[in-house]
Amino acid sequence: MLNFEYYTPTRVVFGKNTEDQVGRLVKEQNCKKVLVHYGSQSAVKSGLLDRIYASLKEASIEYVSLGGVVPNPRISKAREGIELCRKEGVDFILAVGGGSVIDSAKAIGYGVACGGDVWDFYSKKRIPTGCLPIGCVLTIAAAGSEMSNSSVLTNEEGWLKRGCNNDLCRCRFAVMNPELTYTLPKYQTASGCVDILMHTMERYFNNNQSMDLTDHLCEALMRTVMMNGRILMQSPENYDARAEIMWAGSLSHNGLMGCGTDGGDWSCHQLEHELGGMFDVAHGAGLAAVWGSWARYVMDANVERFAQFACNVFEIPCGSDLKEAALKGIEAMEQFYRYMEMPTSVSDLGITLTDEQIETLSYKCSFENTRTIGVVKKLNMEDMANIYRMAR
């Protein structure tokens, strides 16, 4: 097992009606004025925002609001939020929503604290030196942004989807009421389950040899998500299943699943970011669309790891033919995606990739042919194009 640091400072307040505690939680941060940042009108129509506003008022906390965050959040909305925060003297951001809203809040926090163009942090021109404190009320179990150090934004100029990882943006607190996810459409629930699985698998598929405890944590989390994901396809208001998925989403991306490893592969996320930038697809669905092609393309570089995945997650006998077991494990995961009505190819997303689009995707993913991605197998621009072709 490799040396590691594990840093998870986010306070989690989990359970029914916990959103009513927001005022108290914000007050404990000694702030004067809050930006309540949210996405669609569903937070308004459900009455959730009214309950949050009431809790803030009860705690004598001033606030302003900014809605309109979309899936694959835009840098333009973050810039709008930065301007609003400066104008209103905001010193705390409360994100009400899922990963897109939280990621947008993190970008706003960077921009207010650091000045300059916030996109610099996502294009790797600068490293953040500060961030406004952030809290969240989670309404979608998927991205894990409520406990992670990462955020991903899309720049409409060139439709580039890029991430920034920095501990400064970690939420001070995360309020998690599984009941708030009851009304999610089936597609969004399924896409969230895939995102949680992928955050775990990206870490699980690595080149370490001795890390039994971390491996077993990953395997248990994946089995838990698949079992409860199946339940939610039939019973969307099953509280226990919603709770298991919500907690799994946080643990999948707070660093625990990568302790003692080389950090994992992350190729699928890089490949999907370009699909998301070009076609604005749901993140989890895009990940499902490319995962099987990636897995088959790199499998021979560490067939033992893929066979272990098949054996310990799907109870597929390994025997002496590790490659056969590995392929069965990949097929079993794709079968789960299909059960969840998720894609297993780009064409399943309703997209017909042209050769020209594949060249553009791989060119952007390789940062204009200046980088490789992945650890199981280092992928250059040509490899990326090959995977996109397999996935179409």
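Angles under 35 degrees count as roughly parallel, a cut-off that comes in handy for the first view of this predicted model.

**View 1. Helix 8 alongside helix 13.** Here we look at helix 8 (residues 212-234) and helix 13 (residues 322-339), whose axes come within 10 Å and cross at roughly 20 degrees. With that angle under the 35 degree cut-off, helix 8 and helix 13 are therefore roughly parallel to each other. The crossing of helix 8 past helix 13 is left-handed. On the helix 8 side, the residues at the meeting point are Met226, Arg230, Met233 and Gln234; helix 13 brings Met333, Phe336 and Tyr339. Sort the residues of this contact by class and you get five nonpolar, one polar and one charged.

**View 2. Helix 7 packed on helix 10.** Now for another helix pair: helix 7 (residues 186-204) packs with helix 10 (residues 267-279) at an angle of about 135 degrees, and their axes are 9 Å apart. That angle makes helix 7 oblique to helix 10. Helix 7 makes the contact through Asp195, Met198, His199 and Glu202, while helix 10 uses Ser267, Cys268 and His269. As for the mix of residues in the contact of helix 7 with helix 10, two are nonpolar, three polar and two charged.

**View 3. Trp291 in the largest nonpolar core.** This close-up goes into the largest nonpolar core, which has 98 residues. Trp291 is among the residues with the most contacts inside that core, along with Met201, Trp294, Phe306, Phe309, Met333 and Tyr337. Who touches Trp291? Skip its neighbours within four places in sequence, and Trp291 is in contact with Met198, Met201, Phe205, Cys268, Phe309, Ile330, Met333 and Tyr337. Apart from the largest core lies another core, this one of 23 residues, including Leu49, Tyr53, Val96 and Val175. As background, nonpolar side chains tend to be buried together in soluble globular proteins.

**View 4. Pro128 in its loop.** The last view picks out Pro128, which lies in the loop between helix 6 (119-122) and strand 5 (134-138). Is Pro128 buried or exposed? Its relative accessibility is 8%, and buried means under 20%, so Pro128 counts as buried. Leaving out residues up to four places away in sequence, Pro128 touches Tyr110, Cys114, Phe121, Cys164, Asn166 and Leu168. Cys169 is 41 residues from Pro128 along the chain, with 9.2 Å separating the C-alpha atoms of the two.

How values were computed. Residues numbered from 1 in each chain as written. Predicted model: local features only at pLDDT ≥ 70, side-chain atom pairs only at ≥ 80, totals over all residues. Heavy atoms only, no water. Core = buried A, V, L, I, M, F, W, Y, C linked by side-chain atoms within 4.5 Å. Buried < 20%, exposed > 50% of the residue type's maximum accessible area, 1.4 Å probe, protein only. Contact = heavy atoms within 4.5 Å. Axes fitted to C-alpha atoms, helices over the stretch in contact; angles between N-to-C directions. Helix = DSSP H or I, 4+ residues; strand = E, 2+ residues; numbered from the N terminus. Parallel < 35°, antiparallel > 145°, perpendicular 65-115°, else oblique. Nonpolar A, V, L, I, M, F, W, Y, C, P; charged D, E, K, R; others polar. Left-handed = near helix turned anticlockwise from the far one by under 90°.
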